[in-house]
Amino acid sequence: MSRFRYPQPPPSEITPEHVYLSRRDWLKAVGLAVGTAALAACAPRALKPASTAPAEPVPHDELGDPATPYDIVTSYNNYYEFSTDKRAVADRAQGFPTDPWTIEITGLVHEPLTLGLEDLLKRFPQEERIYRLRCVEGWSAVIPWQGVPLATLLKAAQPKAEARFVRFVAVYDPEHMPGQRNYQTFPWPYTEGLRLDEAMHDLTFMATGLYGKPLPVQNGAPLRLVVPWKYGFKSIKAVVRIELVAEQPATLWNTVAPNEYGFYANVNPQVDHPRWSQATERRLGEPGRRPTLMFNGYEEQVAALYAGMDLEKHY
Ligand code: MTE
């Protein structure tokens, strides 16, 4: 008598998808970049030059838009320490020394941290995030970043109960940064700030790489903040100090022109800049303009942070 045998179920029914698919396939399936992304963060110097790397499929953001080509993302930059001419920044930034690099997490914390960049890469696993970046000037890009959620770093330093804001300080190196010598009306170094709950939000990211390669200097090497629902000027480059503070900190752009650049700087198509509309934007590498989305398309994730706030007043 033959024994009844249940037909073998396909592997997808007995094993969660992410286990039976290879890691590479799974990363692809969830939309993360593969291979080089992790490698870039762990061993930047072991990477092959771009020209010999195998072609990867173009990543897309969760709205279905393709990432802005690498060449554009790395050749059209705002970085006043080097130049006010976006197309000159990459060239002027060549050779800027980013190794060794030390980052301090300090202020109102129980465990102040001083980390070399290598220690940071070893201690904290690198993740990939594909984010839209919307500059206050009206252009935007989609960028695949590698890095660490800021919350992971802040938790390691254990913020004290009195900490309510986070202040970010960029490097001060006038010898290598011509803008810090030439634009003397700017209160260098570049500084930025977030409310602590904004800083702890899962979208808030410290990037160490883009497109699976270590961050180019012009994009903020070796470590820059990325806050995707805020105008790009909040995403401070070349960070050396993260300080937990009790009061809202002064920030560079808010000090220079407080009526044009608010502390919150949330992307908002309904609140115009005093000198231009914020209703639309130009996606780098694409023709025409597209509507700007509330909170840059991250409304569902972040609107609750601002419940009850007048967004016209707190621009
Ligand atoms: N960070 C520093 N240190 N200096 C700067 O001039 N410019 C900001 C921000 N971070 C800036 C900075 C502005 S205005 C924008 S739009 C983004 O960086 C641009 O980032 P990207 O060049 O990587 O696109």
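1. Let's start with the shell around the ligand: by class it has eight nonpolar, five polar and three charged residues. Here Ala, Val, Leu, Ile, Met, Phe, Trp, Tyr, Cys and Pro count as nonpolar, Asp, Glu, Lys and Arg as charged, and the others, Gly among them, as polar. Please keep in mind that this is a predicted model, where local features need pLDDT of at least 70, side-chain atom pairs count only at pLDDT 80 or more, and totals for chains, interfaces and linings use all residues. Residues are numbered from 1 along each chain as its sequence is written, and side-chain values use heavy atoms, with hydrogens and water left out.

2. Which residues are the closest to the ligand? They are Asn77, Tyr80, Glu81, Ser235 and Lys237, out of 16 that surround the ligand (each with a heavy atom within 4 Å of it).

3. Now look at the polar contacts (pairs of N or O atoms within 3.5 Å). A polar side-chain atom of Glu81 sits 2.7 Å from a ligand nitrogen atom. Ligand oxygen atoms are approached too: a polar side-chain atom of Lys237 lies 2.7 Å from an oxygen atom, and one of Asn219 lies 3.0 Å from an oxygen atom. On its own the ligand has 530 Å² of accessible area, and the protein covers 97% of this (Shrake-Rupley method, 1.4 Å probe).

4. Next, the salt bridges (a side-chain nitrogen of Lys or Arg within 4 Å of a carboxyl oxygen of Asp or Glu). The structure holds 17 of them. One of these joins the side chains of Glu137 and Lys86, at 2.9 Å from N to O. Glu137 is in the loop between strand S3 (127-134) and strand S4 (139-149), and Lys86 in the loop between helix H5 (70-73) and helix H6 (89-93), so the pair ties together parts that are 51 residues apart in sequence. Helices (H or I, at least four residues) and strands (E, at least two) are DSSP runs, numbered from the N terminus.

5. Finally, some backbone details to find for yourself. Most residues other than glycine have a negative phi, and most peptide bonds are trans. Trp188 and Pro189, however, are joined by a cis peptide bond with omega of about -5°. Ala238 is not a glycine, yet has a positive phi of about 50°.

Technical notes: Polar contact = N/O pair within 3.5 Å; in protein donor to acceptor, adjacent residues only side chain to side chain.
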